[in-house]
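Thank you all for coming. I would like to take a few minutes to go through one helix pair and then the cavities of the structure that is about to appear on the screen.

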Amino acid sequence: MSHGLATASLAGLVGSLILFLLAPGLALSLASCLVCALFAALIGLRLAASVVAPRWQAAPTLPDTDLPTACVMVALYDEAAVLPQLAASLLAIDYPPDRVSFKLVLEAGDGETLHVARALALDDRFEIIIVPPGHPRTKPRALNYALRLCRSELVTVHDAEDRPDPGQLRRAAEVFAAGNARLACIQAPLNWFNRNETWLTRQFALEYAAHFHALLPLYQRMGWPLPLGGTSNHFRRDALIRVGGWDAWNVTEDADLGLRLHAAGYRCGLIAPMTMEEAPLRLAPWVTQRTRWIKGYAQTLAVLAARPDTPWRQVWPGALVLGGAALSALIHGPLSLVCIAALALAPAAWPDSLAALAFMLTGYASALTCATIAMRRAGLRLRVRDLAIMPGYWLLQTLAAARALRQLLTNPHHWEKTEHGLSAMTGRPCTSHSPPHSSALPPASAPSSSRVGAPDSRSAPNAGPASSPGR
């Protein structure tokens, strides 16, 4: 940390400990006030997001000849099951064939995915990038390696299970063309194509709708940093390189990058065309995925605190959002149980317990309102019984937050990958209103890349790990 921040943090910890030892009642009261202030802020954000309508960025339609060149990168690892569906989704993108290329970024040793990629016999717009062995073996490291081989004006990131709206890339390119150089990234909203498969996927759909159709538009209206999602981000390549690409060691590299772009003076925008993904069907993979997210939020805050040049006046709202999400996930379960236990076991404390319960119910009400309005904005079907079990879903966050805290201390850079292709809806076809025609795009020459279906020339066995550009 910087000297000033380290001194302030140490003084706060020592002061809190002394206060707790000398006046534990006062210390608990102050802690309660701080927790109430945090939850009140989150409640206020959700209510404001429910009232303020999104302003999706739009721009005049451009002819094909005026569209910028674009490269769509997809980092893949053990994704053989969903690769055919991914290829269909990418081929459905409505963009001039001579202005778009697709890079399938595979880890060295992932022979099964490589075999399937070659068997698909895709056209010359597709290129396989083999990331050499190295540490950490993460998605952001793979993207950084592929970024070196990209020469297009725009860089788009998708995940293996993505089904983007066919017009999304064109809309982003038109918005970039109409915007200024400070516009560095366009984020498209996300949701789940299997959202109605289980109770867990339906809860996930509510949560994503609130985030992408209510909260992010509010942050944009307020001029706050946008904690980006890990997919369907469209970047100006020069801006991405200027800020150093992705942090290869951060397990939520997307949220981290959103704050770093904002700190560098760039801004992120939002467009309406949506991308559908595959939500985890069972609790175990949901917990591991959520563990990684919360751990990454904490990593992002730690890196910001460790850098003496962090412009806190610009990034504090983003830090508040990430810190509030991580902290509320960690303490929500214990506080809920304490409140319920006090109501059941301590009738003398009912006035205070009822006040706490009312505050908690207000929080639930704000979340339910935000999710309801967001689902309608997204054009997705809403069921009342899904709203009724939402408080139970919230309690699961504490389990993931506890795992994230343990991993921060024992294995901070471990990437728990989410398995895809498990949904019964995975194989449904992807349709396009205007599929592009096949055409070749000149390849970026590199010893670790190859056209799909052609022999690849892998890096030498003693090749060192790829480092993040600028980091």
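**A helix pair and a cavity**

Helices α7 and α10 are roughly parallel to each other, because an angle under 35 degrees counts as such, and the axes of these two helices cross at roughly 25°. Please keep in mind throughout that what you are looking at is a predicted model.

Two packed helices are described by the angle between their axes and the distance between the axes. For α7, which spans residues 199–221, and α10, which spans residues 283–306, the axes come within 11 Å, and the crossing in which α7 passes α10 is left-handed. On the α7 side, the contact is made by Leu200, Phe204, Glu207 and Tyr208, while α10 brings Leu283, Trp286, Gln289, Arg290 and Trp293. Sorted by character, the residues of this contact comprise six that are nonpolar, one that is polar and two that are charged.

Let me now turn to the cavities. How many cavities of 30 Å³ or more does the structure hold? There are four of them, and the largest has a volume of about 70 Å³. Helix α7 returns here, since with three residues it gives the most to the lining of that largest cavity. The lining as a whole consists of Arg195, Asn196, Arg202, Ala205, Leu206, Met375, Arg381, Leu382, Arg383 and Asp386. By character, this lining divides into five charged residues, four nonpolar ones and one polar one.

Terms used: Residues numbered from 1 in each chain as written. Predicted model: local features only at pLDDT ≥ 70, side-chain atom pairs only at ≥ 80, totals over all residues. Heavy atoms only, no water. Axes fitted to C-alpha atoms, helices over the stretch in contact; angles between N-to-C directions. Helix = DSSP H or I, 4+ residues; strand = E, 2+ residues; numbered from the N terminus. Parallel < 35°, antiparallel > 145°, perpendicular 65-115°, else oblique. Left-handed = near helix turned anticlockwise from the far one by under 90°. Contact = heavy atoms within 4.5 Å. Nonpolar A, V, L, I, M, F, W, Y, C, P; charged D, E, K, R; others polar. 1 Å grid on protein atoms, 1.4 Å probe; cavity = no way out; pocket = protein on both sides within 12 Å on 5 of 7 lines; lining within 4 Å. Points joined across faces, edges and corners; volume = space filled by probe spheres on them.
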